[in-house]
Amino acid sequence: MNHPVAIAPSILSADFSKLGEEVSAIDQAGAEYIHIDVMDGHFVPNLTFGPPVIKAIRKCTKKPFDVHLMIAPVDPLLQDFADAGADIITVHIESGAHVHRTLQHIRKLGKKPGITLCPATPPEAIAYLMDMVDLVLVMTVNPGFGGQSFIESQLPKIAAIRRMIDATGRDIRLEVDGGVNKETAPKVIAAGADVLVAGSAVFNAGVSYKDAMNALRPPR
Ligand code: DX5
Ligand code: ZN
């Protein structure tokens, strides 16, 4: 299924002293998703926010919360993220031995399951999960921080996963995350991505959020 390219600003790069206002601002500026980077200081070397912050900003927008869990273990906290207002819950294939069961758990909670891969993980790793997910997230940086440089070697992986998705006939979004800006966005779109996560390219662009997001979209 072909979707117009959607933008998912990562609030990791937002001004945390006014997070609710920032979420409302990117909503009004045209963001299709709100990308929320949850980090536990264990699976990745950074610590961000969890269910209480998600619950607090839930009232600031009706746009889907695209929650990227960079945590391990995942299962003990899934109910809390679901209750806090997550819409898509994306877990790392590298986060544990029982990711298939974790995706079943997310679906049982009534949420959209997503799977994501670190740069070193081959696309084949998710072959047996394609019937379980509504979204595949390809990391184009090593997870943990915003503002990193795009890892070009991931472009063929994006294309391979686009072929895997198309072969399923299912409506699965292909999201790319990390170092996406006006130079790299055309490359990932050409490779098959239809959801672009952007943190610094939106919040630190020096232009309006609307202009920053539109600079990432394909020309009409
Ligand atoms: C990194 C996060 C990304 C990051 C993107 O671990 O998953 O979402 O915030 O930030 P930029 O767009 O600045 O690379
Ligand atoms: Zn992310």
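**View 1. The zinc site is octahedral.** The zinc ion (ligand 2) has six donor atoms, with angles of 68 to 174° among them. Six donors count as octahedral if opposite donors are over 155 degrees apart and all others between 65 and 115. Ideal angles for six octahedral donors are 90 or 180 degrees. The model is predicted: local features need pLDDT of at least 70, side-chain atom pairs count only at pLDDT 80 or more, and totals for chains, interfaces and linings use all residues. Side-chain values use heavy atoms, with hydrogens and water left out, residues are numbered from 1 along each chain as its sequence is written, and chains are lettered from A and ligands numbered from 1 in the order in which they are written.

**View 2. Protein donors hold the zinc ion (ligand 2).** They are His35 (NE2), Asp37 (OD), His68 (ND1) and Asp177 (OD), lying 2.0 to 2.3 Å from the ion. Donors are N, O and S atoms within 2.8 Å of the metal (3.2 Å for Na, K and Ca); water is not among the atoms, so sites may look incomplete. Along the sequence, the donor residues follow the spacing H-x1-D-x30-H-x108-D. His35 lies in strand β2 (residues 34-39) and Asp177 in strand β7 (residues 173-177), so this pair ties together parts that are 142 residues apart in sequence. Strands (E, at least two residues) and helices (H or I, at least four) are DSSP runs, numbered from the N terminus. Are His35 and Asp177 buried or exposed? Both are buried. Buried means under 20% relative accessible area, exposed over 50%, and partly exposed in between (1.4 Å probe, protein chains only).

**View 3. Ile34 sits in strand β2.** Ile34 counts as buried because its relative accessibility is 0%. Leaving aside neighbours within four places in sequence, Ile34 is in contact (heavy atoms within 4.5 Å) with residues including Pro9, Ile11, Val23, Ile26 and Phe65. The C-alpha atoms of Ile34 and Cys60 are separated by 11 Å, and the two residues are 26 apart along the chain.

**View 4. Helix α1 has buried residues.** They are Leu19, Glu22, Val23, Ser24, Ile26 and Asp27. What covers them includes β1, β2, α2 (51-58), α7 and α8 (209-214). Just after α1, Gly30 takes a positive phi of about 110°.

**View 5. Ser13 and Ala14 lie in the loop between β1 and α1.** Ser13 counts as buried because its relative accessibility is 17%. Ala14, at 11%, also counts as buried. Not counting residues up to four places away in sequence, Ser13 touches Gly199, Ser200, Phe203 and Asn204. On the same basis, Ala14 touches Leu19, Glu22 and Phe203.

**View 6. A cis peptide bond joins Ala72 to Pro73.** Its omega is near -5°. Pro73 is in the loop between β3 (65-70) and α3 (78-84).

**View 7. The largest pocket has a volume of about 250 Å³.** A pocket is an open set of points on a 1 Å grid over the protein atoms alone, where a 1.4 Å probe fits, with protein on both sides within 12 Å along at least five of seven lines. Its volume is the space filled by probe spheres set on the points, which are joined across faces, edges and corners. Lining residues have an atom within 4 Å of a point. This pocket is lined by 25 residues, of which Phe145, Gly146, Gly147, Gly178 and Gly179 lie nearest its centre. Elements giving two or more residues to the lining are β2, β3, β8 (195-198) and α7 (200-203).

Technical notes:
Tetrahedral: all angles 85-135°; square planar, octahedral: opposite > 155°, others 65-115°.
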